[in-house]
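Me: I would like to learn how to read the features of a structure step by step, with the general idea given before the particular case.

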Amino acid sequence: MSTLQVSLYRYNPETDSAPYMEEFQVDTQGRDLMVLDVLHLVKEQDNGLAYRRSCREGVCGSDGMNMNGKNGLACITPLSDVVKKGKLTLRPLPGLPVIRDLVVDMGLFYQQYERIQPYLQNDTPAPAIERLQSPEDRDKLDGLYECILCACCSTSCPSFWWNPDKFVGPAGLLQAYRFLADSRDEATRERLEDLQDPFSVFRCRGIMNCVAVCPKGLNPTRAIGKIREMLLANAT
Amino acid sequence: MVTNITNFGRSGLSDWLVQRVSAVILALYTLFIVGYLLVHPGLDYATWSGLFGQTWMRIFSLLAFVSLSAHAWVGLWTVTTDYLKPTGIRVAVQTVIILAIFVFLVWGIQVLWGA
């Protein structure tokens, strides 16, 4: 029997006056489980534990959490990647209000996503079949459209922690650039005008926490650099 | 768009550009001063005063002072908006910072031009 010590962030606003850490012993039977599997084993011990999960294969983005200090998706993070000295500490995504245990309120995150208008804007009459793109133009969207909005990046960003109401955050900015870079989108100028204030884009200090944690291997810092280049080209 | 009235350039883009250009100017000025001190080990007042008496050095120094003022304004404004959440305290600190930068700038110009 191989025992893993799991330290869990617990908070139930109906009964607890403050959050606390609770210790669990989990028998992994020597297997290199995913962190999500360990949570299932903990839930067998305490049915009151709350966390989000859905597809359990890194596609839906529901189970973003902080594992031994680093954000990631519990379902595709093996214990061998995160466990140090036989101990696993799980906390909710930092910087967002906790609803219960590992479940956070994603409201601010979605508000910033909504703000960048994440949809194609094109007022010319649609052609009979579809709006075509050259293969080169299509290639510009690679590394941008794959985001699953798990919020691992934005909640590891100190700039987003301090100003989540004003700074769009890495996830939102990656999507902002996805539409700025789209050859079919006609709202480029309006989109750029909405981003030139001191907070929305420029609160990024380029520390690249977002790149370090993205479970899909995307690079929001690079996209933010591209937005800066477009803003500069548009305004000089 | 998020609006702001106490930052340096009214726009994040201009603040960002000012921050980078002023950083380059300050780096060049620092390298020059350090280099000058290294090649003049027994520096006396006449040499030092003669350096600052030349027009190009006055232009370079004034450029560095203005860059330092802008750089400090942009940087400290950012720090206050990150860490000071109550509006009254933040506006008060920002005002003190901007006034202090103004005082130091005029004082610096006076040192440069005065003697």
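The dialogue below goes through a sheet, a hairpin, two unusual backbone angles, a helix pair and two contacts in this predicted model.

Me: Let us begin with the sheet in chain A; in what order do the five strands of the open sheet stand, and with what kind of pairing?

Reply: Strands of a sheet pair through backbone hydrogen bonds, in either a parallel or an antiparallel way. Here the five strands form an open sheet in the order β2-β1-β5-β3-β4 of chain A, and the pairing is mixed. Because β2 (20-27) and β4 of chain A stand at the edges, each with a single partner strand, one side of each has no neighbour in the sheet. On average, and with direction ignored, neighbouring strands of this sheet are turned by 30° against each other.

Me: Which way do β1(A) and β5(A) run, and how many bridges join them?

Reply: Strand β1 (residues 3-10) and strand β5 (residues 87-91) of chain A run parallel and are joined by four bridges; within this pair, Gln5(A) has Lys87(A) in β5(A) as its bridge partner. Helix α1 (residues 35-45) of chain A lies across β1, β2, β3 and β5 of chain A, and its direction is at about 100° to β2(A).

Me: In what sense do β3(A) and β4(A) pair?

Reply: β3(A) and β4(A) pair in the antiparallel sense, over four bridges, and Met65(A) stands opposite Gly72(A) in β4(A). The hairpin that these two strands form has two residues between the strands, and Asn68(A) takes a positive phi near 45° there.

Me: How should I read a positive phi, and where is Asn68(A) found?

Reply: Most residues other than glycine have a negative phi, so a positive value deserves a second look. Asn68(A), which is not a glycine, has a positive phi of about 45° and is found in the loop between β3 (64-67) and β4 (70-73) of chain A. Another case is Asp101(A), whose phi is near 45° and whose place is in the loop between β6 (98-100) and β7 (103-104) of chain A.

Me: Is Asp101(A) buried or exposed?

Reply: Asp101(A) is buried, because 24 other C-beta atoms lie within 10 Å and the cut-off for a buried residue is 20 or more. Asn68(A), with 17 other C-beta atoms within 10 Å, is partly exposed.

Me: Turning to chain B, at what angle do α3(B) and α4(B) pack?

Reply: Two packed helices are described by the angle between their axes and by the distance between the axes. Helix α3 (residues 55-83) and helix α4 (residues 87-114) of chain B pack at an angle of about 170°, with their axes 10 Å apart, which means that α3(B) is roughly antiparallel to α4(B). Among the residues that meet are Phe65(B), Trp73(B) and Trp77(B) in α3(B), and Ile97(B), Ile101(B) and Leu105(B) in α4(B). By class, this contact of α3(B) with α4(B) has 13 nonpolar, five polar and two charged residues.

Me: Into which domains is chain A divided, and how many residues does the contact between chain A and chain B take from each chain?

Reply: Chain A is divided into domain 1 (3-104) and domain 2 (107-235), and the contact between these domains takes 14 residues from domain 1 and 14 residues from domain 2. On the side of domain 1 that touches domain 2, β4(A) gives the most, with four residues. The contact between the chains takes 14 residues from chain A and 11 residues from chain B, and helix α9 (residues 220-235) of chain A gives the most to the chain A side, with three residues. That side of chain A has eight nonpolar, two polar and four charged residues.

Note on methods. Residues numbered from 1 in each chain as written. Chains lettered and ligands numbered in written order. Predicted model: local features only at pLDDT ≥ 70, side-chain atom pairs only at ≥ 80, totals over all residues. Buried ≥ 20, exposed ≤ 12 C-beta atoms within 10 Å, placed from the backbone. Domains from an automatic or database assignment. Contact = placed C-beta atoms within 7 Å. Nonpolar A, V, L, I, M, F, W, Y, C, P; charged D, E, K, R; others polar. Pairing = 2+ DSSP bridges. Axes fitted to C-alpha atoms, helices over the stretch in contact; angles between N-to-C directions. Parallel < 35°, antiparallel > 145°, perpendicular 65-115°, else oblique.
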